[in-house]
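Student: I have a model open on my screen and would like to go through it with you. Could we take it one question at a time?

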Amino acid sequence: MPDSMPRPGDWLRIPGPGRRRLPGPTRAVLSGRFAVILSGELIQSLFHFLLNILLVRELGAHDYGLFAIVFAVGAVGITYIRALVAVPATIHVARSLGRPAALGYDVMFGSGAVLVSGVMATGVGLVLIPVIGLGALAAGAFVGLYAFRSYLRIVLLARGRPRIAGLSDLVYAVCGGLLVAHWLNGEGTALLDRAFAAIALAHAIAIAVAYGALRERIRFSLHARARARYRAIWRTLAWSLAGVTSLTVQGQGLTLLLALLAGPAAYAPIAATIVLYAPLRIPASALLNMILPEISRLLAAGQVDAARRLVIRNGILLGSACLAYGALMAAALPLIEDILFKGRFADQPMGWIGLGVWAVVTVSLLYAIPRAYLEASAAFRTITAGAVASAALGMAVMVPVLLLKMPPATALVGLLSSEVATLVWSVSAFRTLARHPRPARPVGVL
């Protein structure tokens, strides 16, 4: 019996003689899939942007610095759950759509996501209790739920359910906004605690709505078959864990190190400027979430050239967007600092901070898509080696700057050197792998 499901990399046939057929990524854009994904990213990122601006204006530099540090920890959590659970799930589910194995992988990786998110929430809560008191429990819940919802939305996209992912984003932003409007009063630690409680509850509601729309429940099972599936890919997961650890140290880890060595108050203007570049990450994140399953399908079908072209086209698109946004921010940053930040950082070199943050964000976005190709190819050893070397370079530049009590903004040079090294390594590895592709792996093997 012929398979009724479209095969990976299938082309859309347009009736009529001599008509061209459109590739999968173009078909996705025309069908509105990218628009749905982008709108979801836009809605939740807009909420995060407004929340950060509100807290910058209402909290002191120290308390806002603490909030930014916990948010950075949440980003680290997303990185880990993406590498340990979401990316392997995307690769397996994308290759197994329409087959019974897809359900097995859904249960397997869903259980892993629950465990990883729970460990993150518990760990963050325990570490932060001595710092911010019982509000650390809300902060831990936020980190764990943020990580799990990130896993859920990536898997929904791999399963071809972008509208449910978008609905979850909308519910999160709306509920978060309503809870913030209702709860965000007081000052200092009390205000910080309420902010964490509001966004944690909003994530929980959004997760519940997504499963309700799917008409499914969270599948959690550690039975023998699920453990056997994990044992079958444990080597790949071990390299993925090593890779994400090194990438975390190289990326968010260096940022956290900067925040911890400089202190929350000194880190606050850098964190506030990073928030201003969130709109640049919105389409980049949506694009990455859309093309990772597409790259995986193309590689599984042996269409290496098509996957390579997909990476190059989208890399050029992202680079152009980064240049345009950087020029806009260079002109608008003084006005933004005066109006949105209420002049709180008037004594800081905001122009240099803005230039440094733009450079770091731009370079990090430029290597994201080549790295997605490496992830879809399961080249985790290559990713790990590059990240370790880049992290070592970044630390060698940044740590002495901070220990010598130079301005924290100067330490952005360390972050930039690490990101540039990662970009060079990722692009080189992508070109090598695209010229000499690995044999296609069967479903079930990373």
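Student: In which helix is R153 found?

Tutor: Before we start, this is a predicted model, where local features need pLDDT of at least 70, side-chain atom pairs count only at pLDDT 80 or more, and totals for chains, interfaces and linings use all residues. Residues are numbered from 1 along each chain as its sequence is written, and side-chain values use heavy atoms, with hydrogens and water left out. Helices here are DSSP runs of H or I with at least four residues, and strands are runs of E with at least two, numbered from the N terminus. On that basis, R153 is found in helix α5.

Student: Is R153 buried or exposed?

Tutor: Buried means under 20% relative accessible area, exposed means over 50%, and partly exposed is in between, using a 1.4 Å probe and protein chains only. R153 has a relative accessibility of 8%. R153 therefore counts as buried.

Student: Which residues is R153 in contact with, leaving aside its neighbours within four places in sequence?

Tutor: Contact means heavy atoms within 4.5 Å. With those sequence neighbours left aside, the list for R153 is G40, E41, Q44, A165, D169 and N289.

Student: D169 is on that list. How far apart are the closest N and O atoms of D169 and R153?

Tutor: Side chains of opposite charge can pair when their charged atoms come close. The term salt bridge needs a side-chain nitrogen of Lys or Arg within 4 Å of a carboxyl oxygen of Asp or Glu. D169 forms a salt bridge with R153, and the closest N and O atoms are separated by 2.4 Å.

Student: Why does the pair of D169 and R153 tie together parts of the chain?

Tutor: D169 lies in helix α6 and R153 in helix α5, so their pairing joins parts that are 16 residues apart in sequence. Helix α6 covers residues 162–183, and helix α5 covers residues 135–158.

Student: Which other residue is linked with R153 and D169 in a network of salt bridges?

Tutor: The side chain of D169 also meets that of a residue in a salt bridge at 2.9 Å, N to O. This partner is in helix α5, 20 residues from D169. Both D169 and this partner are buried, D169 with a relative accessible area of 0%. The residue that completes the network is R149.

Student: How many salt bridges does the structure hold, and where is the pair of R297 and E294?

Tutor: The structure holds three salt bridges. R297 and E294 meet through their side chains in a salt bridge of 4.0 Å, N to O, and both residues are buried. They are three residues apart, about one turn of the helix, and both lie in helix α11 (residues 278–300).

Student: Which residues touch the most other members of the largest nonpolar core?

Tutor: A nonpolar core is a set of buried Ala, Val, Leu, Ile, Met, Phe, Trp, Tyr and Cys residues joined through side-chain atoms within 4.5 Å. The largest such core has 119 residues. Those touching the most other members are Y64, F196 and Y373.

Student: Which residues of helix α10 are in contact with Y64, and how many of the 13 residues of α10 are buried?

Tutor: Helix α10 covers residues 264–276. Beyond its neighbours within four places in sequence, Y64 has contacts including A268, A271, A272 and V275, and these four are among the buried residues of α10. α10 is mostly covered, the number of its buried residues being ten.

Student: Where in α12 does the kink lie?

Tutor: Helix α12 (residues 304–339) has 36 residues and reaches 49 Å from its first C-alpha to its last, close to the 52 Å expected at 1.5 Å a residue. That expected span is 1.5 Å times one less than the number of residues. The bend at a residue is the angle between axes fitted to the seven residues ending there and the seven starting there. The kink, of about 55°, comes shortly before the proline P334, at A332.

Student: How many helices and strands are there in the chain, and what share of its residues count as buried?

Tutor: The chain has 16 helices and zero strands. Among its contacts with a separation of 6 or more, 81% are between residues 24 or more positions apart. Of the 446 residues, the share that count as buried is 52%.
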